[in-house]
Amino acid sequence: MRALAAIAIVVIFVPCMSRAAELNLATLSCAKYENEVLPAAAANPTADSLNTVMWLFGYSVAKSGAHVMYPEALAPFGFALDGECKSNPIESLLDALAIVKPEAKNPMNLATLECAAFSSRHIELARTDPESATTIMMWLFGFSVAKTGGHIFDADLLGSFQAALIADCAKHPNGSLFDAPPAKPAG
């Protein structure tokens with residue numbers, strides 16, 4: 001009887017558990033990003049639209065060669081990317097990201113931010129405001145993927161990236177957040 005109940009649960013819930021699709025920024029057009037990715041992200045709790053743009057923002061900063069986080073620049077970045085993509089729908093998202101530049105207000109230098117300080121703040125934020133903690137981690141995840149030379153966005157890898165980053169910060173508390181090991185590229 002228990003085996004039948006287990007099979008019933010699997011049959012009922014497995015189709016509902018969908019893995020977010022990996023997005024290849026090099027082959028993803030602006031039109032597809034605007035018309036398919038952002039609307040679909042709203043239904044995925046890991047890769048909601050805000051977190052998708054935050055990942056792209058972190059990715060863009062790292063691709064530019066910078067190593068700073070601009071806490072107040074997400075909205076202007078998102079609007080600029082939206083404008084670029086609407087103006088050039090056949091452009092690849094990777095090319096659009098190279099064009100859009102963040103507003104460089106109040107930068108936080110990742111090279112001077114100690115891993116232990118970040119980690120303890122992040123753990124507390126995850127306890128008190130999990131959505132904001134996820135959004136910040138998504139930026140770092142995008143930054144890290146770009147740092148490796150990757151161009152695949154896979155929101156399902158956020159948890160493993162976060163665990164590896166926090167574990168590394170525990171091992172190297174005085175190291176900078178910038179020097180923490182980057183994410184392993186997907187795909």
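Is Val 61 buried or exposed? In this predicted model, Val 61 is buried, with a relative accessible area of 1%. The legends below begin with the whole chain and then turn to close-up views.

**Figure 1. Overview of the predicted chain, with its eight helices and four strands.** Followed along the sequence, these elements are arranged in the pattern α-β-α-α-β-α-α-β-α-α-β-α. The chain has 187 residues, of which 40% count as buried. Contacts between residues at least 6 apart in sequence often span long stretches of the chain: 73% of them join residues at least 24 apart. The chain exposes about 10000 Å², and carbon and sulfur atoms supply 62% of this area.

**Figure 2. Confidence of the prediction along the chain, with a mean pLDDT of 81.** A pLDDT of 70 or more is reached by 82% of the residues. Among the elements of the chain, helix H5 has the highest mean pLDDT, 94, whereas helix H1 (residues 2–13) has the lowest, 29. Over residues 1–19 the pLDDT stays under 50. For this same stretch, the model has four contacts beyond four places in sequence.

**Figure 3. Close-up of Val 61 in helix H3, which comprises residues 49–63.** Val 61 counts as buried because its relative accessible area, 1%, is under the 20% cut-off. Which residues does Val 61 contact, leaving aside its neighbours within four places in sequence? They are Ala 66, Val 68, Tyr 70, Pro 102, Trp 139 and Phe 143. The view may also be used to locate Lys 101, which is 40 residues from Val 61 along the chain. The C-alpha atoms of Val 61 and Lys 101 are separated by 8.1 Å.

**Figure 4. Close-up of Ser 92 in the loop between helix H4 (74–87) and helix H5 (93–99).** Although Ser 92 lies in a loop, its relative accessibility is 15%, so it counts as buried. Beyond its neighbours within four places in sequence, Ser 92 is in contact with Leu 25, Ala 26, Leu 28, Ser 29 and Cys 30. One of these residues, Cys 30, is 62 residues from Ser 92 along the chain, yet their C-alpha atoms are separated by 5.7 Å. The side chain of Ser 92 also reaches the backbone nitrogen of Asp 95, at 3.0 Å.

**Figure 5. Close-up of Leu 97 in helix H5.** Leu 97 is buried, with a relative accessible area of 4%. When neighbours within four places in sequence are left aside, the residues in contact with Leu 97 are Leu 25, Leu 56, Tyr 59, Ser 60, Phe 77 and Leu 81. Leu 25 is also in contact with Ser 92, the residue shown in Figure 4. Leu 97 and Ala 80 are 17 residues apart in sequence, and the distance between their C-alpha atoms is 9.6 Å.

**Figure 6. Close-up of helix H8, formed by residues 158–171.** Helix H8 has 14 residues and reaches 20 Å from its first C-alpha to its last, close to the 20 Å expected at 1.5 Å a residue. Its buried residues are Leu 158, Phe 161, Leu 165, Ile 166, Asp 168 and Cys 169. These residues lie on the same side of H8, because they cover an arc of only 160 degrees around the axis. They pack against helix H6 and helix H7 (130–147). On the face turned away from the buried side, H8 carries the exposed residues Ala 170 and Lys 171.

**Figure 7. Close-up of His 122 and Ile 123 in helix H6.** Helix H6 comprises residues 115–128. His 122 is buried, with a relative accessible area of 5%. Ile 123, by contrast, counts as partly exposed, at 48% relative accessibility. Which residues does His 122 touch, not counting those up to four places away in sequence? They are Ala 133, Met 137, Gln 162 and Ile 166. Ile 166 is one of the buried residues of H8, the helix shown in Figure 6. Ile 123 and Ile 166 are 43 residues apart along the chain, and their C-alpha atoms are separated by 8.8 Å.

Technical notes
Residues are numbered from 1 along each chain as its sequence is written. This is a predicted model: local features need pLDDT of at least 70, side-chain atom pairs count only at pLDDT 80 or more; totals for chains, interfaces and linings use all residues. Side-chain values use heavy atoms; hydrogens and water are left out. Helices (H or I, at least four residues) and strands (E, at least two) are DSSP runs, numbered from the N terminus. Buried means under 20% relative accessible area, exposed over 50%, partly exposed in between (1.4 Å probe, protein chains only). Contact means heavy atoms within 4.5 Å. Accessible areas come from the Shrake-Rupley method with a 1.4 Å probe; for residues, only the protein chains shown count as cover. The expected span of a helix is 1.5 Å times one less than its number of residues. The arc is that of the directions from the helix axis to the C-beta atoms. A polar contact is a pair of N or O atoms within 3.5 Å; within protein, one must be able to donate a hydrogen and the other to accept it, and residues adjacent in sequence count only if both atoms are side-chain atoms. pLDDT is the predictor's confidence in each residue, from 0 to 100.
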